[in-house]
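These notes ask what stands behind the labels put on a structure. Each label is set against its cut-off.

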Amino acid sequence: MYSNILIPVSFDEERDTGAAVRAAQALASPGARLTFVHVLDNIPQYVTEIMPAETLAQRRKAVEDLLGQARAGVENAHGIILDGSAGRALVNWAAENDADCIVIASHRPEFSDIFLGSTAAWVVRHAACSVHVLR
């Protein structure tokens, strides 16, 4: 059983966040902390220089609202937003916060994933804790 579980959340239709939550709850010890994490990709500086600051704030607020919906009704659930490359940000956060398990929903791999790697594949290769991948 795990006491500090990280659940990466992507808001596209190919990922089943509900299945990841159910799996995390099944793997959790009583009183376990479940942290829902969404990673915002970095926007190049040349774009942010011309983009209104309110647009970036609205983007972050929309993600906060979606994270709130994803963790609604889940005991000991917390939500955070990270910035950067998804795989690297998730693995770094897990290491820095002593996560003992990552439960990640994966999409069906495409041909390009063979060469580039998906977020789930990156997390599996680099995480220092247990990783459960759901298809």
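The questions and answers below go from the whole chain to single residues.

Q: What kind of model is this, and how many helices and strands are there in the chain?
A: The model is predicted. There are 6 helices and 5 strands in the chain. Read from the start of the sequence, they follow the pattern β-α-β-α-α-β-α-β-α-α-β.

Q: What share of the residues of the chain count as buried?
A: Of 135 residues, 36% count as buried. The label requires a relative accessible area under 20%. The accessible surface of the chain comes to about 8,000 Å², and carbon and sulfur atoms hold 51% of that surface.

Q: Among contacts between residues at least 6 apart in sequence, what share joins residues at least 24 apart?
A: The share is 77%. Contact here stands for heavy atoms within 4.5 Å.

Q: Why is a set of residues called a nonpolar core?
A: The name applies because its members are buried residues of nonpolar types, such as Ile, Leu and Phe, joined through side-chain atoms within 4.5 Å. In soluble globular proteins, nonpolar side chains tend to be buried together. The largest such core in this model has 19 residues, and Ile5, Ile7, Leu34 and Phe36 touch the most other members. At least two residues each come from β1 (2-8), α1 (17-27), β2 (28-40), α3 (53-71), β3 (77-83) and β4 (101-105). The greatest contribution is that of β2, with 5 residues. Another core, of 17 residues, lies apart from this one and includes Leu82, Val91, Ala120 and Cys129.

Q: Which residues is Ile7 in contact with, leaving aside neighbours within four places in sequence?
A: Ile7 is in contact with Ala20, Val21, Ala24, Leu34, Thr35, Phe36, Val37 and Val103.

Q: Why is Thr35 called buried?
A: Thr35 has a relative accessible area of 1%. The cut-off is under 20%, so the label buried applies to Thr35. This residue lies in strand β2. Beyond four places in sequence, Thr35 is in contact with Asn4, Ile5, Leu6, Ile7, His78, Ile80 and Trp93.

Q: What makes the pair of Thr35 and Arg33 a polar contact?
A: The two side chains make the contact at 3.4 Å. The limit for a pair of N or O atoms is 3.5 Å, so the distance satisfies it.

Q: How do you know that Asp83 and Arg60 meet in a salt bridge?
A: The distance from N to O between the side chains is 2.8 Å. A side-chain nitrogen of Arg has to lie within 4 Å of a carboxyl oxygen of Asp, so the pair qualifies. The bridge links distant parts of the chain, with Asp83 in strand β3 and Arg60 in helix α3, 23 residues apart. Their relative accessible areas are 44% for Asp83 and 28% for Arg60. Partly exposed covers values between 20% and 50%, so both residues get that label.

Q: What makes Lys61 and Asp65 a salt bridge, and where do they lie?
A: Their side chains meet at 2.7 Å, N to O, and the limit is 4 Å. Both residues lie in helix α3, 4 residues apart, which is about one turn of the helix. Lys61 is partly exposed at 45%, and Asp65 is partly exposed at 37%. The structure holds 2 salt bridges.

Q: Which residues of helix α4 are buried, and what do they pack against?
A: In α4 (residues 86-96), the buried residues are Ala86, Gly87, Ala89, Leu90, Val91, Trp93 and Ala94. They pack against β1, β2, β3, β4 and α6 (119-126).

Q: Why is Asp98 called exposed, whereas Asn76 is called partly exposed?
A: Asp98 has a relative accessible area of 62%. Exposed requires over 50%, so Asp98 takes that label. Asn76 has 33%, which lies between the two cut-offs and therefore counts as partly exposed. Asp98 is placed in the loop between α4 and β4, and Asn76 in the loop between α3 and β3.

Q: What is the phi of Asn76, and what is that of Asp98?
A: Asn76 has a positive phi of about 60° although it is not a glycine. For Asp98, also not a glycine, phi is positive at about 55°.

Conventions: Residues are numbered from 1 along each chain as its sequence is written. This is a predicted model: local features need pLDDT of at least 70, side-chain atom pairs count only at pLDDT 80 or more; totals for chains, interfaces and linings use all residues. Side-chain values use heavy atoms; hydrogens and water are left out. Buried means under 20% relative accessible area, exposed over 50%, partly exposed in between (1.4 Å probe, protein chains only). Accessible areas come from the Shrake-Rupley method with a 1.4 Å probe; for residues, only the protein chains shown count as cover. A polar contact is a pair of N or O atoms within 3.5 Å; within protein, one must be able to donate a hydrogen and the other to accept it, and residues adjacent in sequence count only if both atoms are side-chain atoms.
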